[in-house]
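Biologist: I am new to this structure and would like a close look at a single part of it. Please take the packing of two helices in one chain, and then place that part in its surroundings.

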There are 2 protein chains.
Amino acid sequence: MSAVYGGVEGGGTHSKAVLVSAEGDILAETDGPCTNHWLVGVDNCISGINEMVQSAKIKAGLDPDTPICSLGMSLSGGEQKAAIQKLIDDMHERYPKLSQSYFITTDAIGAMATASDYGGIVVISGTGSNCKLVNPDGTQIGCGGWGHMMGDEGSAYWISHLAVKTVFDARDNLVTSPHDITYVKKAMEDYFQVSDLMGMLPHLYRNFQKSHFAGFCRKLAEGGNAGDALCQHVFREAGKVLAQHIVAVLPEVHQDLFRGELGLPVLCVGSVWRSWELMKSESVKIGYQAGQI
Amino acid sequence: MSAVYGGVEGGGTHSKAVLVSAEGDILAETDGPCTNHWLVGVDNCISGINEMVQSAKIKAGLDPDTPICSLGMSLSGGEQKAAIQKLIDDMHERYPKLSQSYFITTDAIGAMATASDYGGIVVISGTGSNCKLVNPDGTQIGCGGWGHMMGDEGSAYWISHLAVKTVFDARDNLVTSPHDITYVKKAMEDYFQVSDLMGMLPHLYRNFQKSHFAGFCRKLAEGGNAGDALCQHVFREAGKVLAQHIVAVLPEVHQDLFRGELGLPVLCVGSVWRSWELMKSESVKIGYQAGQI
């Protein structure tokens, strides 16, 4: 086999793999499930990656028993050094026919490398969220990216959780909802197939799946676009907190990054950004305030 | 065997079992682990209960193969009807020698039944938190009790989480901490045996144990008692939000409950209340404001 290289883009809900020739031609592409090892465990993460790449080899007419030259992966959850090393060690051991060498970085850095050689700020809002500043000298400053137990602010999970929590708090008389909860409560009951709040407990504990919980965000976007005030509110809040991530790394931005034709490059990655129309009023306000500092 | 009755008090960290004779004499007491089925799963929950009660039978000199008359359990997480029925069905099937019949209620209702025949408000703050109003006619109104994914405000888990999140947000420059984080950061590194924030990820995901995470609260109480301002802050916040739980159910309190010698009975259960001195300023303020409404 002539030199073949592979790449994986790993997300909290879906993942993608690609094989390219030494000349840069795309040989095959495949899709796969969540490959965030914090969410699905190391075993599921690497078996998912192996299946995607092996399928791609077959699709490209290559021998699946011959390892490719190297596999580069930009993974949601691919940050902690010890955890990354374990993933690579386990891939070498369990799948010796997969690839000769491996490289793992985070989804944020992978996206930035795709968009620019020079750096900028990348803000991911998909299943989870993350923000990274990459300066022209390659140094990185992060904000967020700690997962749903310690943040994920502005992500689809966070937006879904905020909407559901608003319904719980209103029912409990603990916090008054800023808007009528009727649409969100009904949408929640439909999406999670429950008839009361108690029914939500299995979705939060025993059968918790972050990607499924986060998927409720799509229904909230539909509600927001149809004019529901509470749906619009949770997206505005997401816009606000995502903008605050950018503001958090601003003091570390290298001067040169402001000198491009369009000013500071901010790369927005992830499906929540499809609802930018619902988010932008608060985002722009935060950006404007930060500009005044 | 003459009639023997059993009781289990199940918590998110520890549980207790007791056997009593028909005359009400305590025959034996035993301790066990967390029996919240949302946290440990149904199998671990009922095997934990079986072990505690079977040990108590042996300790009391009873035949472990003879079922007791009935076993009453007040369990953290013992609320959702379908889930309770599954616990009881599984106990009948898997442990036919345990007890002839079963009754399960929540830890909140169990505590209230122990303290009063007449009702009142019970506020639990242990590993998790919960608030229930029991009116003299037996009707119940709840606030909270949805577990760490949907609240648990004011609990040991929540206090620990708030302190850790404050450290993360300060490091990220996302939210400025109201007080110096030095003590809390050091205490966190010591308690969780980590050297940086990345090291916290296994404690939040792969190896997450709510009771262990919540156990960090004890270190925060020590810090608060030693004068650390951020530790004192998180306990004041807990005092505030627990008081808000009481305020939430106030509109439903039956008039008769205000007529007791000491006014409205509020029963505080759980180890977080040992730090009442750190919490009370905000609690009392909220209570005072509610009284003015």
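Modeller: What follows starts with a pair of helices in chain A and then moves on to the core, the two copies and a strand. The model is predicted.

Two packed helices are described by the angle between their axes and the distance between the axes. In chain A, helix H7 covers residues 210-225 and helix H8 covers residues 229-249. The angle at which H7(A) and H8(A) pack is about 115°, and their axes are 7 Å apart. Their crossing is left-handed. On the side of H7(A), the residues that take part are Cys217(A), Leu220(A), Ala221(A), Gly223(A) and Gly224(A). They meet Cys231(A), Gln232(A) and Phe235(A) of H8(A). Sorted by class, this contact consists of five nonpolar and three polar residues, with no charged ones.

Phe235(A) deserves a separate look. Besides Cys217(A), Leu220(A) and Ala221(A), Phe235(A) touches Ile159(A), Val272(A), Ser275(A), Leu278(A) and Met279(A), with residues up to four places away in sequence left out of the count. The largest nonpolar core has 105 residues, and Phe235(A) and Phe216(A) are the members that touch the most others in it.

Next come the two copies. A turn of 180° with a shift of 0.0 Å along the axis lays chain A on chain B, and the RMSD is 0.0 Å. This is the relation of a two-fold axis. The C-alpha of chain A nearest that axis belongs to Met149(A), at 4.2 Å. Both copies use the same surface, as 97% of the contact residues of chain A recur in chain B.

Last is strand E5, with one residue taken from each chain. In chain A, E5 runs over residues 99-106 and contains Thr106(A). Thr106(A) counts as buried because its relative accessibility is 5%, under the cut-off of 20%. Its contacts, apart from neighbours within four places in sequence, are Ser74(A), Leu75(A), Gly78(A), Glu79(A) and Lys132(A).

In chain B, strand E5, residues 99-106, holds Tyr102(B). With a relative accessibility of 11%, Tyr102(B) is likewise classed as buried. Setting aside neighbours within four places in sequence, Tyr102(B) is in contact with Leu71(B), Met73(B), Ile88(B), Met91(B), His92(B) and Tyr95(B). One of these, Met91(B), lies eleven residues from Tyr102(B) along the chain, and their C-alpha atoms are 8.7 Å apart.

Note on methods: Residues are numbered from 1 along each chain as its sequence is written. Chains are lettered from A and ligands numbered from 1 in the order in which they are written. This is a predicted model: local features need pLDDT of at least 70, side-chain atom pairs count only at pLDDT 80 or more; totals for chains, interfaces and linings use all residues. Side-chain values use heavy atoms; hydrogens and water are left out. A nonpolar core is a set of buried Ala, Val, Leu, Ile, Met, Phe, Trp, Tyr and Cys residues joined through side-chain atoms within 4.5 Å. Buried means under 20% relative accessible area, exposed over 50%, partly exposed in between (1.4 Å probe, protein chains only). Contact means heavy atoms within 4.5 Å. Copies are superposed by least squares on the C-alpha atoms of residues with pLDDT of at least 70 in both. Axes are lines fitted to C-alpha atoms, for helices over the stretch in contact, and angles run from 0 to 180 degrees between N-to-C directions. Helices (H or I, at least four residues) and strands (E, at least two) are DSSP runs, numbered from the N terminus. A crossing is left-handed if the near helix is turned anticlockwise from the far one by less than a right angle, and right-handed if clockwise. Ala, Val, Leu, Ile, Met, Phe, Trp, Tyr, Cys and Pro count as nonpolar, Asp, Glu, Lys and Arg as charged, and the others, Gly among them, as polar.
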